[in-house]
Amino acid sequence: MDEPVTLITGTRIGIGRHLADHYLRLGHRVVGCSRKPVDWTHEGYKHYGADVADEKAVKAMFSEIRRTHGRLDHLINNAGIASMNHSLLTPTSTVNAILTTNVVGTFLLSREAAKLMKQKRYGRIVNFSSVAVPLKLAGEAAYVASKSAVVALTHVLARELSEFGITVNCVGPGPLATNLIRSVPRQKIDRVLEQQAIPRMGTFDDVANTVDFFLRPESGFVTGQTIYLGGV
Amino acid sequence: MEQTQLEARPDVPQHDVKQVIELIIDNVNQLKDTQGLKAPAQLDSATTLFGGDGFLDSMALVTLVVAVEQAIEEKFGTSVSLADPGAMSQEHSPYRTIGALADYAVQRLRAG
């Protein structure tokens with residue numbers, strides 16, 4: 001079998017960038033996207049400047065993937081944004097932006113990926129939620145709502161896409177050293193960590209390991225599941 | 001590594017509904033051959049696809065619509081989405097007949 005084709009959203013920085021490196025090292029043909037250009041390069045990596053919620057740009061990207069590779073094996077819906085703020089201080093523009101990127105983006109990418117994957121009757125979709133959902137973190141109402149929606153999408157897509165040989169699962173990391181939490185006070189991070197069974201910050205490799213499991217061909221009977229890291 | 005900034009497509013030329021009808025019929029016939037779809041021997045724009053006495057169940061409808069989207073992209077070089085919120089309603093569904101689906105596809109092509 002040819003090297004798998006893996007699409008990862010939000011590859012400019014953070015988890016997405018790490019996952020792109022990880023799957024390139026494993027020999028995958030990696031396609032990535034982000035709103036802003038990436039400042040790194042790698043042989044075998046193709047980048048698109050596309051907002052995950054921009055239907056035209058996303059469809060154009062998938063057209064190119066179909067023309068170039070004729071298939072897609074894996075989709076990792078990593079792109080996401082957060083805003084830590086009390087609900088009474090959160091403008092609706094922020095709520096809309098979070099829901100658009102995190103929920104609409106995940107939906108749109110999954111829809112287009114499934115169309116391509118169903119041709120080969122094989123596919124793996126991995127979504128990103130957060131421990132903020134089961135922990136019901138105060139100060140993150142819009143973010144938690146969006147990441148709860150991602151879990152719900154995972155459940156329903158798993159059922160709708162199973163007959164095409166596509167699994168849909170979800171990983172929910174805890175705090176990691178990424179831009180997403182750079183402005184969160186240390187005290188708040190510590191309070192989250194205290195609620196985990198294993199009270200430490202997560203690492204990129206912890207996330208990659210979980211995604212690896214969902215992507216394995218042998219994981220074809222695992223679908224509709226969410227794994228929260230750190231024992232939440 | 002290459003980077004591509006994707007832009008909206010230029011104006012799409014006018015397309016003939018007849019061409020799209022033929023394309024839909026081709027795809028129905030392909031699904032008959034490859035997936036054992038049970039469809040009438042004679043297919044034309046008035047043939048009911050979905051709802052009423054249509055021959056597609058909801059999963060076959062999904063498969064046909066996705067196949068038609070891809071065939072349109074291959075033929076016209078333009079990516080269209082034939083997703084529609086009225087899909088499952090009987091009266092105004094763009095999926096009720098081959099002709100309705102062709103009209104809808106051409107409308108989407110023209111909208112770019």
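**Where chain A meets chain B**

In this predicted model, helix α3 of chain A (residues 92–120) and helix α2 of chain B (residues 58–76) have axes that come within 11 Å and cross at roughly 100 degrees. Angles of 65 to 115 degrees count as roughly perpendicular, so that is how α3(A) lies relative to α2(B). Distance and angle appear together here because two packed helices are described by the angle between their axes and the distance between the axes.

Which residues do the touching? On the α3(A) side they are A:Lys115, A:Leu116, A:Lys118 and A:Gln119, and on the α2(B) side they are B:Thr63, B:Val66, B:Glu69 and B:Gln70. It's a mixed bunch: the residues of this contact split into three charged, three polar and two nonpolar.

Now for α2(B) itself. This helix has 19 residues and spans 27 Å from its first C-alpha to its last, close to the 27 Å expected at 1.5 Å a residue. Right after α2(B) comes B:Gly77, which has a positive phi, near 70 degrees.

Next, the whole interface between the two chains. Chain A puts 29 residues into the contact and chain B puts in 20 residues. The size of an interface is often given as the accessible area lost when the parts come together. Between chain A and chain B, the buried area is about 2000 Å², with carbon and sulfur atoms giving 47% of that. Charged pairs turn up too, with a count of four salt bridges between chain A and chain B. One salt bridge joins A:Arg66 to B:Glu74, where the closest N and O atoms are 3.0 Å apart.

Notes: Residues numbered from 1 in each chain as written. Chains lettered and ligands numbered in written order. Predicted model: local features only at pLDDT ≥ 70, side-chain atom pairs only at ≥ 80, totals over all residues. Heavy atoms only, no water. Axes fitted to C-alpha atoms, helices over the stretch in contact; angles between N-to-C directions. Helix = DSSP H or I, 4+ residues; strand = E, 2+ residues; numbered from the N terminus. Parallel < 35°, antiparallel > 145°, perpendicular 65-115°, else oblique. Contact = heavy atoms within 4.5 Å. Nonpolar A, V, L, I, M, F, W, Y, C, P; charged D, E, K, R; others polar. Expected span 1.5 Å × (residues − 1). Buried area = accessible area lost by both parts, 1.4 Å probe. Salt bridge = Lys/Arg side-chain N within 4 Å of Asp/Glu carboxyl O.
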